[in-house]
Amino acid sequence: MMIGKLQRPVDFERVLGRQSRARSAHFALHHLSANPAPSVWHAAKLRTASAELSTGESQPVHNPVEHDPPAAPSVQVEGCWVGIVVPKRHAKRSVTRQLLKRQIRAAFAEHPGMPPGLWVVRLRSPFDRQKFPSAASDALRQAARAELAQLLDKAMAPKPAPKV
């Protein structure tokens with residue numbers, strides 16, 4: 001299965017607007033069963049290329065920058081698109097932020113059965129600097145990887161039916 005990278009703010013907003021699917025001590029995992037929003041710039045470029053251009057006066061076409069198309073039931077969701085949020089307030093050093101991002105990508109690569117759609121992993125609390133004094137230690141790498149594996153396993157577990 002293809003694993004893509006979420007990069008556009010509109011996609012992050014769509015996914016983070018939903019309740020987290022699973023939580024651990026340090027991470028929250030959000031999911032939306034959808035494809036990334038189409039690029040407005042790409043669509044405008046295609047429309048301009050297919051239309052005849054003239055030097056005459058014409059009304060400019062304005063498209064909203066953050067267009068969120070309505071979900072169509074016939075649209076097939078393909079691949080996993082992963083977004084990562086590791087704020088500086090929870091991981092002060094860039095070495096630590098990069099280590100955590102690499103571990104998140106590796107955890108998704110190791111779980112090939114993830115349902116397709118948009119996924120965002122968010123660091124929600126810092127790792128204890130007393131336990132992990134080094135910014136990029138093997139201990140921190142192993143702790144993050146183990147916690148992420150549990151988080152993804154929890155997200156794949158079937159949800160219990162609501163009680164009536």
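In this predicted model, the largest nonpolar core has 25 residues, and those touching the most other members are Phe27, Leu29, Leu100, Phe108 and Phe127. At least two residues of this core come from each of strand 3, strand 4, helix 3, strand 5 and helix 4. Helix 4 gives the largest share, 6 residues. Apart from this core lies another one of 7 residues, including Phe12, Val15, Leu32 and Leu118.

Leu100 shows how the parts of the chain come together. Leaving aside residues up to four places away in sequence, Leu100 touches Phe27, Val86, Ala91, Leu123, Phe127 and Ala144. One of these partners, Ala91, is in the loop between strand 4 and helix 3. Ala91 counts as buried because its relative accessibility is 3%. With the same sequence neighbours left out, Ala91 is in contact with Val86, Thr96, Arg97, Leu100 and Leu123. Ala91 and Arg129 are 38 residues apart in sequence, with their C-alpha atoms 9.8 Å apart in space.

**Overall layout**

The protein contains 4 helices and 5 strands, and from the N terminus on the elements follow the order β-α-β-β-α-β-α-β-α. It has 164 residues, of which 34% count as buried. Among contacts with a separation of 6 or more, 80% are between residues 24 or more positions apart.

**The sheet**

The 5 strands make an open sheet of mixed pairing, in the order 1-4-5-3-2. Strand 1 and strand 2 (22-23) are the edge strands, each pairing on one side only. Strand 1 runs parallel to strand 4, and 3 bridges join the two. One of the residues concerned is Ile3, whose bridge partner in strand 4 is Cys80. Helix 4 packs on the sheet, where it touches strand 2, strand 3 and strand 5; the direction of helix 4 makes about 35° with that of strand 3. Strand 4 also pairs with strand 5, again in the parallel sense, over 6 bridges. Here Gly83 has Val120 of strand 5 as its bridge partner. As a general point, strands of a sheet pair through backbone hydrogen bonds, either parallel or antiparallel.

**Helix 3 and helix 1**

Does the length of helix 3 fall short of, or agree with, the span expected for its 17 residues? At 1.5 Å a residue, helix 3 (residues 94-110) should span 24 Å, and its end C-alpha atoms are 24 Å apart, so the two agree. The buried residues of helix 3 are Thr96, Arg97, Leu99, Leu100, Gln103, Ile104, Ala107 and Phe108. In an α-helix there are 3.6 residues a turn, so residues three or four places apart point the same way. Which elements do the buried residues of helix 3 pack against? They pack against strand 1 (3-5), strand 3 (27-32), strand 4 (80-85), strand 5 (117-123) and helix 4 (138-156).

Helix 1 (residues 9-16) has Val10, Asp11, Phe12, Arg14 and Val15 as its buried residues. These buried residues pack against strand 3, strand 4 and strand 5.

**Accessibility at three positions**

Three residues of the region from strand 4 to strand 5 are listed here.

| Residue | Relative accessibility | Class |
|---|---|---|
| Ala91 | 3% | buried |
| Ala109 | 54% | exposed |
| His111 | 14% | buried |

Ala109 belongs to helix 3. Its class follows from the cut-off: exposed means over 50% relative accessible area, and Ala109 is at 54%. Ala109 and Met2 are 107 residues apart in sequence but 9.5 Å apart in space, C-alpha to C-alpha.

His111 is in the loop between helix 3 and strand 5. Buried means under 20%, so His111 counts as buried at 14% relative accessibility. Beyond residues up to four places away in sequence, His111 touches Ala149, Leu152, Asp153 and Met156.

**Confidence**

The mean pLDDT of the protein is 81, with 73% of its residues at 70 or more. Over residues 41-50 the pLDDT is below 50, and in the model this stretch has 4 contacts beyond near neighbours in sequence. Where pLDDT is low, the predicted coordinates should not be read in detail.

Technical notes:
Residues numbered from 1 in each chain as written. Predicted model: local features only at pLDDT ≥ 70, side-chain atom pairs only at ≥ 80, totals over all residues. Heavy atoms only, no water. Expected span 1.5 Å × (residues − 1). Buried < 20%, exposed > 50% of the residue type's maximum accessible area, 1.4 Å probe, protein only. Contact = heavy atoms within 4.5 Å. Core = buried A, V, L, I, M, F, W, Y, C linked by side-chain atoms within 4.5 Å. Pairing = 2+ DSSP bridges. Axes fitted to C-alpha atoms, helices over the stretch in contact; angles between N-to-C directions. pLDDT = per-residue confidence, 0-100.
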